[in-house]
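Student: Could you take me on a close look at one part of this protein, the core and the helix that packs into it? I would like one connected walk-through that I can follow with the model open beside me.

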Amino acid sequence: MSRRSLLAGIGVAAAAATGVGAIHALSSEQVQQPTKPASVLPVIREPNELPRTVLAQFQRDHGFRGDGTAAGAVDDTGDYVEGAQSVYFETTGNGVQASISKPSALSVGFDMSGKVFAVLLKVTGGEHLTRLSLRAGDSAFKNYFQFMIQASPTLPFQEIFPENRWSWVTMPWIPGSEGKPARENLTDLCITAADDGTGNRVKIQIQAIAVQNERPEAFPSGVISISFDDCWGSQRKYGTSFLEKYGFQPTIYTIVDEVGRPGRLSLPDLHQIEASGGEIAAHAWTTASHNLGFTRLPADVLDSELRMTRNWLLENGFRGADLFAYPLGYFNADVIKATSKYFKFARTLNNRQEETLPPGEMYTCRAQSSTNTVTLAHLRDRIDACKANGTWLNLVFHDITPGVPAASVQIALSTFQQAIDYVARMGIPVRTTSEVLRRAM
């Protein structure tokens, strides 16, 4: 996916338009040119342009073979994005593991110190996928690391790769293991998949396995971004006011038609947050579309939501105008394509992994969402992993309550404050999303 420059025809949407119907009715004649300067986020490199070392590109005589598969091809010349072919395999539909593997895929003594794995893949039938992983070990996998690419069938629209789209996926160095594998002595590689046993096969296509550097020079001990979604007024009353204790600055992902409503952030609030060093970014134009999820919007409504939200950010001169967070974390290939017309970065949700630095894809960045079921112990675990593995932890908060959280989007004030205190105590740098992208790419 190539980076798109800012579109010359992006205009300013009327802030009074609300609801899906209002978006649908907006015609191109109603759009004006922006009167404020474009976002200051500099051009960032695509993951495809990042320095990676390819271990396997699955061209002729690559040596990988399937096991336990229902179907497959080691030389698929019908669908590929690099070279002249790729490889694919299908699960059987009965829940049994299927895989492709190669002994001695790596040179003897290959050292993964300071590196993470990246896989260029495509998945079809992902709603039936229960596990997809990369295994790296010594001879015959007597000892091995196992990296989960996907490990849950319950959030198919919040995974880090969309259905039926070639995507780079990076895996932070937080693997499971069998035996006593050594990071500096890996030889064998295997990609495994399992379905939900409902009779539905899952097709896994692989184009490349590669490695990239693990810790950018700017953030050798990891970095944390603190985000607030949906414009809750409590984010100013309890959130940013507490962050000031440590000089931490947030990224605010905004639902435009919530701005200024009772219990929500006002436009002066947002400008004050940016004046203090934070940044205002995009989440949705209307609450109705946000709550539905962008994967369920008609193409014209989706485009209008994205276009008008960006226009509003530009008109108000907000620094985060290139940044977007998928409502509910839901996205697919069509949503990514539409989003890339207007934004340079998009964030989803994935509570199992932090993001690598640099990310595998600029439109599928992982984030930890803090809801009423997320415990302080879990947040501390993620913070510990961020520091230990030099990753990027995006902590996302919604409504902060001094009482007992009732709604799913709420988190107790005490939990929020203790989590932020712990971040400060661990000494991990806290930076806005834009700053991380500027310094880590």
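Tutor: Gladly! Let's start in the middle. In this predicted model, the largest nonpolar core has 73 residues, and those with the most contacts inside it are Ile224, Ile226 and Phe416. Helix 5 (residues 299-315) supplies the largest share of this core, seven residues. There is also a second, separate core of 36 residues, with Ala98, Leu132, Phe145 and Ile191 among them.

Now turn to Ile224. Leaving out residues up to four places away in sequence, Ile224 touches Ile383, Cys386, Leu393, Leu395, Val423, Ile428, Pro429, Val430 and Arg431. Two of those names will come back: Val423 is one of the buried residues of helix 8, and Arg431 takes part in a salt bridge.

Helix 8 is our main stop. Helix 8 covers residues 413-426, and its 14 residues should span 20 Å at 1.5 Å a residue; the end C-alpha atoms are 20 Å apart, so expectation and model agree. Its buried residues are Leu413, Thr415, Phe416, Ala419, Ile420, Asp421, Tyr422 and Val423. Phe416, then, is both a buried residue of helix 8 and one of the residues with the most contacts inside the largest core. As you look along the helix, keep the geometry in mind: an α-helix has 3.6 residues a turn, so residues three or four places apart point the same way.

What do the buried residues of helix 8 pack against? Their partners are two helices, helix 2 (234-243) and helix 7 (376-389), together with strand 13 (223-229), strand 19 (392-397), strand 20 (399-401) and strand 21 (410-412). Just past the end of helix 8, Gly427 takes a positive phi of about 75°.

Strand 13 leads us to a buried charged residue. Arg347 lies in strand 17 and, at 1% relative accessibility, counts as buried. Its side chain makes a polar contact with the side chain of Asp229, at 2.7 Å. Setting aside neighbours within four places in sequence, Arg347 is also in contact with Ser227, Tyr253, Phe324, Ala325, Tyr326, Cys365, Ala367 and Val396. If you follow the chain on from strand 17 (345-347), the loop between it and strand 18 (368-369) holds Pro358, which is joined to Leu357 by a cis peptide bond with omega about -5°.

Let's finish beyond helix 8, with Arg431. Side chains of opposite charge can pair when their charged atoms come close. Arg431 forms a salt bridge with Glu435, the closest N and O atoms being 3.4 Å apart. Glu435 also meets Arg439 in a salt bridge, at 3.7 Å from N to O. Glu435 and Arg439 both lie in helix 9 (residues 433-440), four residues apart, about one turn of the helix. How exposed are these three? Arg431 is partly exposed, with a relative accessible area of 26%; Glu435 is partly exposed at 24%, and Arg439 is partly exposed at 41%. The structure holds 17 salt bridges, and elsewhere shared partners join Asp257, Glu258, Arg261 and Arg264 into one network.

How values were computed:
Residues numbered from 1 in each chain as written. Predicted model: local features only at pLDDT ≥ 70, side-chain atom pairs only at ≥ 80, totals over all residues. Heavy atoms only, no water. Expected span 1.5 Å × (residues − 1). Buried < 20%, exposed > 50% of the residue type's maximum accessible area, 1.4 Å probe, protein only. Contact = heavy atoms within 4.5 Å. Core = buried A, V, L, I, M, F, W, Y, C linked by side-chain atoms within 4.5 Å. Polar contact = N/O pair within 3.5 Å; in protein donor to acceptor, adjacent residues only side chain to side chain. Salt bridge = Lys/Arg side-chain N within 4 Å of Asp/Glu carboxyl O.
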